[in-house]
Amino acid sequence: MSDDPEAYCRDVEAYLCRKNDGHLIRIVGPAFEQVCGWAARGIPIKLVSRGIDRYFERYYSKGPRRRPVRIEFCEADVLDVFDEWRRAVGVARLSADRPSDEEPARKEGTLPAHLERLVARLTALRAGEDRRLDAVLDDIVREVDAARGGSKSVRGDARTALVERLRALDARLVQAARDVCDATTLQRLEDDADRELAPFRQRMSAEAYAQSKQLCVDRLVREHLRLPVIAFE
């Protein structure tokens, strides 16, 4: 929970203003209550910004903008980003506003489609200027590309084994990414993770917090190097 909901709202307002090319729409009335609700749920400002970005991406994809975006339009995307973050860092069960057994299943398409996207993203990443992950990227691209060919017909134990293998490749990629980050970068990402998890820390055991922080840092490392998620959930 934010200690200062008004400051939280002003930060959201300022970010939305920048996304609206400087057009300021005040967050007042019901919109203010809505954003205060995000603060009460412990949604980090960084995640609110991602949710706003996600809405704008869809808005721009439909053609030229006709009017400035209001914060109310972004709520579904903000909550989606927050749900994804909670599951990724292991704090999904701590929120009192949505029991864990009511968490919606979010599967981004089929396994074959996931592998297709992965090959495209990994190949593009491999062609970038950063060469530090070339060796591990080469290995993963080859393996994912080989798996892609028969993925439409894979079933049962073979499918389970493939999903587990993707999870292992994902862990390998994240570890390689950690290894190429310098100490200053890792410390900055650990500090960011502490800030993101701060609203939930008092409700977590030391062991649970350490695990969630590890997952949070892994996610931030992935974002820092713009790495795709290899695992398929």
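**Entry 1: terms and model**

I take contact to mean heavy atoms within 4.5 Å. I note at the outset that the model is predicted.

**Entry 2: overall composition**

I looked up the secondary structure of the protein chain and found nine helices and zero strands. Read from the N terminus on, the elements run α-α-α-α-α-α-α-α-α. I then took the extent of the C-alpha atoms along the principal axes, and they fill a box of roughly 55 × 50 × 40 Å. The protein chain has 233 residues, and I record 41% of them as buried. I also looked up how contacts are spread along the sequence. Among contacts with a separation of 6 or more, 73% join residues 24 or more positions apart.

**Entry 3: α7 against α9**

Two packed helices are described by the angle between their axes and the distance between the axes. I looked up both values for helix α7, residues 156-180, and helix α9, residues 206-224. The angle is about 75 degrees, and the axes lie 9 Å apart. An angle of 65 to 115 degrees counts as roughly perpendicular, and α7 and α9 are therefore placed in that class.

Which residues meet where α7 packs on α9? From α7, I list Asp170, Val174, Ala177 and Arg178. From α9, I list Gln214, Val217, Asp218, Val221 and Arg222. Sorted by character, the residues of this contact comprise four nonpolar, one polar and four charged.

**Entry 4: Val174**

I next looked at Val174, which sits in helix α7. Is Val174 buried or exposed? Its relative accessible area is 7%, so I enter Val174 as buried. Leaving aside residues up to four places away in sequence, I find Val174 touching Asp218, Val221 and Arg222. These three also appear on the α9 side of the helix pair.

I added one distance for Val174. Lys152 is 22 residues from Val174 in sequence, and their C-alpha atoms are 27 Å apart in space.

**Entry 5: Asp218**

Asp218 belongs to helix α9. I looked up its accessibility, which is 16% in relative terms; Asp218 therefore counts as buried, because the cut-off for buried is under 20%. With residues up to four places away in sequence set aside, Asp218 touches Val174 and Arg178. I note that Val174 and Arg178 are both listed on the α7 side of the contact.

**Entry 6: Ala177**

Ala177 is another residue of helix α7. I find a relative accessible area of 0%, so Ala177 is buried. What does Ala177 touch, not counting residues up to four places away in sequence? I list Leu133, Val221, Leu225 and Leu227. For Leu225 I also looked up the separation of the C-alpha atoms from Ala177, which is 7.4 Å, with the two positions 48 residues apart along the chain.

**Entry 7: Arg87 and Ser212**

I turned to Arg87, in helix α4, residues 75-89. Its relative accessible area is 34%, so I enter Arg87 as partly exposed. Arg87 and Ser212 are 125 residues apart in sequence, while their C-alpha atoms are 9.8 Å apart in space.

**Entry 8: internal space**

Rolling a probe the size of a water molecule over the atoms shows where empty space is left. How many cavities of 30 Å³ or more does a search of the whole structure find? I record one. The largest cavity holds about 30 Å³ of space.

I then listed the lining of the largest cavity: Leu16, Ile25, Arg26, Ile27, Ala31, Arg70, Ile71 and Glu72. This lining divides into five nonpolar and three charged residues, with no polar ones.

**Entry 9: positive phi**

Most residues other than glycine have a negative phi. I looked up residues other than glycine with a positive value and noted Asp21, with phi near 60 degrees, and Arg226, with phi near 55 degrees.

Where does each sit? Asp21 lies in the loop between α1 (5-19) and α2 (30-40), whereas Arg226 lies in the segment after α9. I checked the accessibility of each. Asp21 has 59% relative accessibility and therefore counts as exposed. Arg226 has 69% relative accessibility and therefore also counts as exposed.

Notes: Residues are numbered from 1 along each chain as its sequence is written. This is a predicted model: local features need pLDDT of at least 70, side-chain atom pairs count only at pLDDT 80 or more; totals for chains, interfaces and linings use all residues. Side-chain values use heavy atoms; hydrogens and water are left out. Axes are lines fitted to C-alpha atoms, for helices over the stretch in contact, and angles run from 0 to 180 degrees between N-to-C directions. Helices (H or I, at least four residues) and strands (E, at least two) are DSSP runs, numbered from the N terminus. Angles under 35 degrees count as roughly parallel, over 145 as roughly antiparallel, 65 to 115 as roughly perpendicular and the rest as oblique. Ala, Val, Leu, Ile, Met, Phe, Trp, Tyr, Cys and Pro count as nonpolar, Asp, Glu, Lys and Arg as charged, and the others, Gly among them, as polar. On a 1 Å grid over the protein atoms alone, a cavity is a set of points where a 1.4 Å probe fits but cannot get out, and a pocket is an open set with protein on both sides within 12 Å along at least five of seven lines; lining residues have an atom within 4 Å of a point. Grid points are joined across faces, edges and corners, and a volume is the space filled by probe spheres set on the points. Buried means under 20% relative accessible area, exposed over 50%, partly exposed in between (1.4 Å probe, protein chains only).
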